[in-house]
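The exercises that follow ask you to read helix packing, sheet order and residue environments from a set of coordinates. Try each task on the structure before you turn to its solution.

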Amino acid sequence: MNVPAPRVTINDVAARAGVSKGAVSMAFNNRPGVSAATRERIFEVARQLGWTPHQTARSLAGRRVGIVGLAICRPARLLGLEPFYMEFISGIEDVLAGRSCSLLLRLVRDLDEEIALYEEWWRSRTIGGAILVDFHREDPRIAPLRALGLPAVAVGHPSLTGGFPSVWTDDATAASDAVRYLAALGHRRIARVGGPSGLGHSGIRAAAFEATMTELGLDGRRQVSTGFVGEEGARATRSLLLGPERPTAIVYDNDIMAVAGAAVAAEMGLAVPDDVSLLAWDDSQLCRITHPPLSAMSHDVHHFGEEVARALFGVIAGTHKGALQVPTPALTPRGSTGPPRRA
């Protein structure tokens, strides 16, 4: 006769971790009084034993948020160079610090790993809520994370976020404004160096770019998808500038690629903006120290991060359920754009 294995209890976890039952409870409910090292040891023992807090006990533990989770599917080297995420995270941190909360940041290799990570964090009570970024069309994270019951705020257009409360900027209008500005300067051949085609916001910008070029009757258009890194931005710029119908203006999906594009133009002996105008997305210090300074689609990324963090606390409190639109990126002209010398 098969004898069922005894059920693992909180006492078993406490004994294996060498702590009290109260310490295990504090760790899983994100309460003070347990060091980070001890909390991690408790979580590791719980994973080994296959133990999670009882659902009823968890619901009685309250909704206090001590740690907010953020997983980003980007290479570590890229994240360290990209001003957008540094400003975005600093805005989040400002709000969390005011509430004595911490941000748990993890870089993941793919969306499956991200899903598994959030499941582990939520079931182990490591986090009290999450910030979801970089949505894809038909994003595979939506169904499992909604089923999990994870309190989360999505950073992205509501059409991408599957019903999660969201905070977003109007990328379509901003992309259209960029094209209209360059066309008003006299540019007829305008190219775009975008991010990965699978990313939802890259797709929104690409569609708006195409639609506006068509509306204005501009046939000399090309779009190239890249991975946001400087090397790929440089390669795309070189390919565009060596083509038979060289663009007189290029719009980039981030500032790193625009700076790399400016270096390629100088390498090829092309004057900016006389021979080619360059326009970056997400204004940063990089845009201001480049010679000539880069025109940019500017928005307050730090404030964006603050609004996202506030929205998450609203989700947890039950006061934020819809979509919050923050100001649309606005054009900031600088020395890298001007009328083309040869249209």
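**Exercise 1. Determine how the axes of helices H2 and H3 are oriented to each other in this predicted model, and which residues make the contact.**

Solution. Begin with the axes: those of helix H2 (residues 21–28) and helix H3 (residues 36–49) come within 10 Å and cross at roughly 95°. An angle of 65 to 115 degrees counts as roughly perpendicular, and H2 and H3 are therefore roughly perpendicular to each other. Next, list the residues in contact, which are Ala23, Val24, Met26, Ala27 and Phe28 on the side of H2, and Arg39, Ile42, Phe43 and Ala46 on the side of H3. Finally, sort them by class, which gives eight nonpolar, no polar and one charged residues for the contact of H2 with H3.

**Exercise 2. Establish the strand order and the pairing of the open sheet that contains E1, and say which strands stand at its edges.**

Solution. The order of the six strands is E2-E1-E3-E4-E5-E11, and the pairing is parallel. Strand E2 (102–107) and strand E11 (323–325) each have a single partner strand, so one side of each is left without a neighbour in the sheet. On average, and with direction ignored, neighbouring strands of this sheet are turned by 20° against each other.

For a pair inside this order, take strand E3 (residues 129–132) and strand E4 (residues 152–155), which pair in the parallel sense over three bridges; Ile131 has Val153 in E4 as its bridge partner. Two helices can then be placed on the sheet. Helix H6 (residues 83–98) touches strand E1 (67–72), E2, E3 and E4, and its direction makes about 150° with that of E2. Helix H7 (residues 111–123) touches E1, E2 and E3, and its direction makes about 170° with that of E1.

**Exercise 3. Carry out the corresponding analysis for the open sheet that contains E6, asking which sense of pairing its strands show.**

Solution. Six strands form this sheet in the order E7-E6-E8-E9-E10-E12, with mixed pairing. Its edges are strand E7 (220–225) and strand E12 (330–332), each of which has a single partner strand, so one side of each is left without a neighbour in the sheet. The twist from one strand to the next averages 20°.

The mixed character can be followed in two pairs. E6 and E7 pair in the parallel sense over six bridges, with Gly220 in E7 as the bridge partner of Arg189. Strand E10 (residues 295–298) and E12, by contrast, pair in the antiparallel sense over three bridges, and here Ser298 stands opposite Ala330 in E12.

Turning to the helices, helix H10 (residues 200–215) lies across strand E6 (189–194), E7 and strand E9 (277–281), and runs at about 175° to E7. Helix H12 (residues 255–267) also packs on the sheet, where H12 touches E6, strand E8 (249–252) and E9, its direction making about 160° with that of E9. E6 itself is mostly covered, since five of its six residues are buried.

**Exercise 4. Decide whether Ala208, Glu307 and Pro293 are buried or partly exposed, and name their contacts beyond four places in sequence.**

Solution. Ala208 is found in helix H10 and, at 11% relative accessibility, counts as buried; its contacts are Ala172, Ala175 and Ser176. Glu307 belongs to helix H14 (residues 301–317), and its 19% relative accessibility lies under the 20% cut-off, so Glu307 also counts as buried. Glu307 touches Val167, Leu324 and Val326. Pro293 is found in the loop between helix H13 (285–289) and E10, and with a relative accessible area of 29% Pro293 is partly exposed. The residues in contact with Pro293 are Cys287, Arg288, Arg334, Gly335 and Ser336.

**Exercise 5. State how many disulfides the structure holds, and describe the exposure of Cys73 and Cys101.**

Solution. The structure holds zero disulfides. Cys73 is partly exposed, with a relative accessible area of 30%, whereas Cys101 is buried, with a relative accessible area of 9%.

Note on methods. Residues are numbered from 1 along each chain as its sequence is written. This is a predicted model: local features need pLDDT of at least 70, side-chain atom pairs count only at pLDDT 80 or more; totals for chains, interfaces and linings use all residues. Side-chain values use heavy atoms; hydrogens and water are left out. A disulfide is a pair of cysteine sulfur atoms within 2.5 Å. Buried means under 20% relative accessible area, exposed over 50%, partly exposed in between (1.4 Å probe, protein chains only). Axes are lines fitted to C-alpha atoms, for helices over the stretch in contact, and angles run from 0 to 180 degrees between N-to-C directions. Helices (H or I, at least four residues) and strands (E, at least two) are DSSP runs, numbered from the N terminus. Angles under 35 degrees count as roughly parallel, over 145 as roughly antiparallel, 65 to 115 as roughly perpendicular and the rest as oblique. Contact means heavy atoms within 4.5 Å. Ala, Val, Leu, Ile, Met, Phe, Trp, Tyr, Cys and Pro count as nonpolar, Asp, Glu, Lys and Arg as charged, and the others, Gly among them, as polar. Two strands pair if DSSP finds at least two bridges between them.
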